[in-house]
Amino acid sequence: MKEIINELPKKAADKHTENKKFLTKLKKKPPKNLDYIMQELHEEEFEKTDCLTCANCCKTTGPLFTNADIERIAKHFRIKPSAFIKEYLKVDEDNDYVLQQVPCTFLDADNYCSIYDVRPKACREFPHTDRKKFHQISHLTLKNVAICPAAFNIVEKMKKRIKT
């Protein structure tokens with residue numbers, strides 16, 4: 001898996017123009033059954049992909065924390081939301097709460113998440129390849145193929161399956 005992760009940024013960069021063109025066309029004219037296709041491709045990929053062997057998302061990027069996430073995680077730690085924010089978060093250039101540092105503070109050495117049951121919504125939904133109205137997040141998908149080997153594979157299969 002380490003080799004795949006190391007090669008991923010270059011593979012994604014090599015496919016960036018092709019993927020951007022494909023996803024832009026998809027956004028302009030999504031097929032009626034796009035969400036069904038994405039759900040199918042997502043499920044196929046994650047039947048053979050074990051995120052615990054990778055965790056590249058947790059090692060290289062930080063999720064956005066919603067107010068609901070902050071409340072839920074603070075409650076889990078039995079601290080006030082303001083204390084959780086002060087300890088772990090910062091405000092980014094988009095005025096969103098994000099982790100102060102990456103890799104994620106809550107990622108254990110064995111790639112398990114120490115707050116898995118209360119993890120942020122962004123983590124629960126990553127890499128967002130099974131999301132409804134998938135065509136609306138093409139900009140995010142373009143970023144995620146450089147982070148997540150599963151997302152990369154899903155987009156490659158999607159290009160073969162959907163002719164734009």
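This is a walk through the helix packing, the nonpolar cores and some unusual backbone spots of a predicted model.

Start with helix packing. Two packed helices are described by the angle between their axes and the distance between the axes. Take helix H1, residues 2–28, and helix H8, residues 149–161. Their axes lie 10 Å apart, at an angle of about 40°. H1 and H8 are therefore oblique to each other, since angles under 35 degrees would count as roughly parallel. Their crossing is left-handed. On the H1 side, the contact is made by Ile4, Ile5, Leu8, Lys11, Ala12, Lys15, Glu18, Asn19, Phe22, Leu23 and Leu26. On the H8 side, Pro149, Phe152, Val155, Glu156, Met158 and Lys159 take part. By residue type, this contact of H1 with H8 divides into 11 nonpolar, 1 polar and 5 charged.

H8 also packs against helix H2, residues 34–48. The axes of H2 and H8 come within 10 Å and cross at roughly 135°. H2 and H8 are therefore oblique to each other, as roughly antiparallel would need an angle over 145 degrees. The crossing of H2 and H8 is right-handed. From H2, the contact draws on Ile37, Met38, Glu40, Leu41, His42, Glu45, Phe46 and Lys48. From H8 come Ala150, Asn153, Ile154, Lys157, Met158 and Arg161. The contact of H2 with H8 divides into 7 nonpolar, 2 polar and 5 charged residues. Met158 of H8 appears in the contact with H1 and in the contact with H2.

Now look at the cores. The largest nonpolar core has 21 residues. Those with the most contacts inside this core are Leu23, Leu26, Met38, Phe134, Met158 and Ile162. H1, H2 and H8 each supply at least two of its residues. The largest share, 6 residues, comes from H8. Apart from this core lies another, of 14 residues. Its members include Phe65, Ala74, Leu99 and Leu107.

What does Phe134 touch, not counting residues up to four places away in sequence? Its neighbors are Leu23, Leu26, Leu34, Asp35, Met38, His128, Thr129, Thr141 and Met158. Among these, Leu23 and Leu26 belong to the H1 side of the contact with H8. Met38 belongs to the H2 side of the contact with H8.

Finally, the backbone. Most residues other than glycine have a negative phi, and most peptide bonds are trans. Some places in this model depart from that pattern.

One stretch to inspect is the loop between strand S3, residues 97–99, and helix H6, residues 121–125. Pro103 lies in this loop. A cis peptide bond joins Val102 and Pro103, with omega about 0°. Asn111 is found in the loop between S3 and H6 as well. Phi of Asn111 is near 70°, a positive value in a residue other than glycine. Is Asn111 buried or exposed? Asn111 counts as buried because its relative accessibility is 15%, and the cut-off for buried is under 20%.

Next comes the loop between H6 and helix H7, residues 138–144, which holds Pro127. The peptide bond from Phe126 to Pro127 is cis, with omega near 5°. His128 has its place in the loop between H6 and H7 too. Phi of His128 is near 65°, a positive value in a residue other than glycine. His128 is buried, with a relative accessible area of 9%. His128 also ties this loop back to the core residue Phe134, which touches it.

Methods:
Residues are numbered from 1 along each chain as its sequence is written. This is a predicted model: local features need pLDDT of at least 70, side-chain atom pairs count only at pLDDT 80 or more; totals for chains, interfaces and linings use all residues. Side-chain values use heavy atoms; hydrogens and water are left out. Axes are lines fitted to C-alpha atoms, for helices over the stretch in contact, and angles run from 0 to 180 degrees between N-to-C directions. Helices (H or I, at least four residues) and strands (E, at least two) are DSSP runs, numbered from the N terminus. Angles under 35 degrees count as roughly parallel, over 145 as roughly antiparallel, 65 to 115 as roughly perpendicular and the rest as oblique. A crossing is left-handed if the near helix is turned anticlockwise from the far one by less than a right angle, and right-handed if clockwise. Contact means heavy atoms within 4.5 Å. Ala, Val, Leu, Ile, Met, Phe, Trp, Tyr, Cys and Pro count as nonpolar, Asp, Glu, Lys and Arg as charged, and the others, Gly among them, as polar. A nonpolar core is a set of buried Ala, Val, Leu, Ile, Met, Phe, Trp, Tyr and Cys residues joined through side-chain atoms within 4.5 Å. Buried means under 20% relative accessible area, exposed over 50%, partly exposed in between (1.4 Å probe, protein chains only).
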